[in-house]
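Subject: Structure handover

Hello,

Here is the structure I promised to pass on. Please have a look at it first, and then read on for my notes.

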Amino acid sequence: MKYIAILFLLISCTPYYLSVVDAFITPSSSSSLITNSRRHHTSYLPRDTLVKKRMSWTSTTVTNNNAANNLVAMSSTSAAAAAAAALPIVTSTFWLGTYGLLQLTLWLKIMTIRSVQPSSTHQLQNLAATQDIRNLRATRAHGNYIENAPIFSLLLLVVDAMNVIPKALVNGLGGLFFFGRIFHMMGMWAYEGSTVGRMVGALATLVSLGIGSGMTIYSAVQVLGGWSCVQVKFGVIALIVLLGNCFAGINVEKKKE
């Protein structure tokens, strides 16, 4: 927790780092004055040296055809721009649909296993007592998906709607999460212990959540106007983490004598 607080404190000081870098990169005032003076003494060509271009007249038919083609191109471009403006979240919408189908698949897997069992074994206490491994694996795979899919879907939707991150990266992020969840689901269904699919799926899920959180914060910073607008928020977050690390673990229960 201490390292997390230190990280947020360093992020909150980002504008000061940028100002120091700008001080070294930006040229001095004297050099800028010299540059400006040189700009004002630019020599221009006299009027006699201007080259007169010969005007070429095209036929009326060619002109009309070009005008019609330009009109069609402008109409198609404007229609595409209007569609993009009306649907700024079309990239994430596709992946959200696949996440819904994946949850439906996990639910159908549980129903398929329970449909061939007596109704008395469907209760949680009986499920734990009978140690039905197939049912436990399917239930845990569904529960793990529910723990991660909603928050990631929200992150992907916000990043896509902010329209700061390129759509190709948003598309790749959505595909990475879907790829990880497919591997995790197959690994959980195959064996109750550690499997390659379970490990790869967990890693892809963690990476997707981390990148999605970073993209969301970056998009918010860009829209708000830069790091200087959010440094106070990062400082408050760091203070909350420090306070939680110091006081959250204090035991308030009375000791029994």
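Let me start with a detail in the middle of the chain: the side chain of Asp 160 reaches the backbone nitrogen of Thr 91 at 3.3 Å. I call this a polar contact, meaning a pair of N or O atoms within 3.5 Å; within protein, one must be able to donate a hydrogen and the other to accept it, and residues adjacent in sequence count only if both atoms are side-chain atoms.

Before going further, a word on what you are looking at. This is a predicted model, in which local features need pLDDT of at least 70 and side-chain atom pairs count only at pLDDT 80 or more, while totals for chains, interfaces and linings use all residues. Residues are numbered from 1 along each chain as its sequence is written, and side-chain values use heavy atoms, with hydrogens and water left out.

**Around Asp 160**

Asp 160 is found in helix 7, which spans residues 133-162. Helices here are DSSP runs of H or I with at least four residues, strands are runs of E with at least two, and both are numbered from the N terminus. Asp 160 counts as buried because its relative accessible area is 0%; buried means under 20%, exposed over 50%, and partly exposed in between (1.4 Å probe, protein chains only).

Which residues does Asp 160 touch, leaving aside its neighbours within four places in sequence? They are Pro 88, Ile 89, Val 90, Thr 91, Ser 92, Lys 167 and Val 170, where contact means heavy atoms within 4.5 Å. With Lys 167, Asp 160 also forms a salt bridge, at 2.3 Å from N to O. The rule for a salt bridge is a side-chain nitrogen of Lys or Arg within 4 Å of a carboxyl oxygen of Asp or Glu. Lys 167 is partly exposed, since its relative accessibility is 30%.

**The second salt bridge**

By this rule the count comes to two salt bridges. The other pair is Arg 140 and Glu 147, whose closest N and O atoms are 3.3 Å apart. Arg 140 also sits in helix 7, and it is partly exposed because 38% of its area is accessible in relative terms. Apart from neighbours within four places in sequence, Arg 140 is in contact with Glu 147 and Met 188. From C-alpha to C-alpha, Arg 140 and Leu 106 are 9.9 Å apart in space, with their positions 34 residues apart in sequence.

**Asn 163 and Ile 182**

Asn 163 lies in the loop between helix 7 and helix 8 (167-190). Its phi is near 60°, a positive value in a residue other than glycine. Most residues other than glycine have a negative phi. Asn 163 is exposed, because its relative accessibility is 53%.

In helix 8 you will find Ile 182, which is partly exposed because its relative accessible area is 25%. The C-alpha atoms of Ile 182 and Gly 201 are separated by 7.2 Å, although the two are 19 residues apart along the chain.

**The whole chain**

The protein has ten helices and zero strands. Of its 257 residues, 25% are buried. Among contacts with a separation of 6 or more, 75% join residues 24 or more positions apart.

The protein exposes about 18300 Å², of which carbon and sulfur atoms supply 68%; accessible areas come from the Shrake-Rupley method with a 1.4 Å probe, and for residues only the protein chains shown count as cover. On the surface, Leu 101, Leu 104, Trp 107, Leu 108 and Met 111 form a nonpolar patch with about 470 Å² of accessible area together. Patches are made of residues with over 30% relative accessible area and no salt bridge; like charges are joined within 9 Å and nonpolar side chains (Val, Leu, Ile, Met, Phe, Trp, Tyr) within 5 Å. One of the patch residues, Leu 104, is found in helix 5 (residues 90-115), and it is partly exposed because its relative accessible area is 41%.

**Confidence**

The mean pLDDT is 74, and 59% of residues reach 70 or more; pLDDT is the predictor's confidence in each residue, from 0 to 100. Confidence is highest in helix 8, at 94, and lowest in helix 3 (residues 29-40), at a mean of 43. Over residues 27-58 the pLDDT is below 50, and this stretch has one contact in the model beyond near neighbours in sequence. Where pLDDT is low, the predicted coordinates should not be read in detail.

Best wishes
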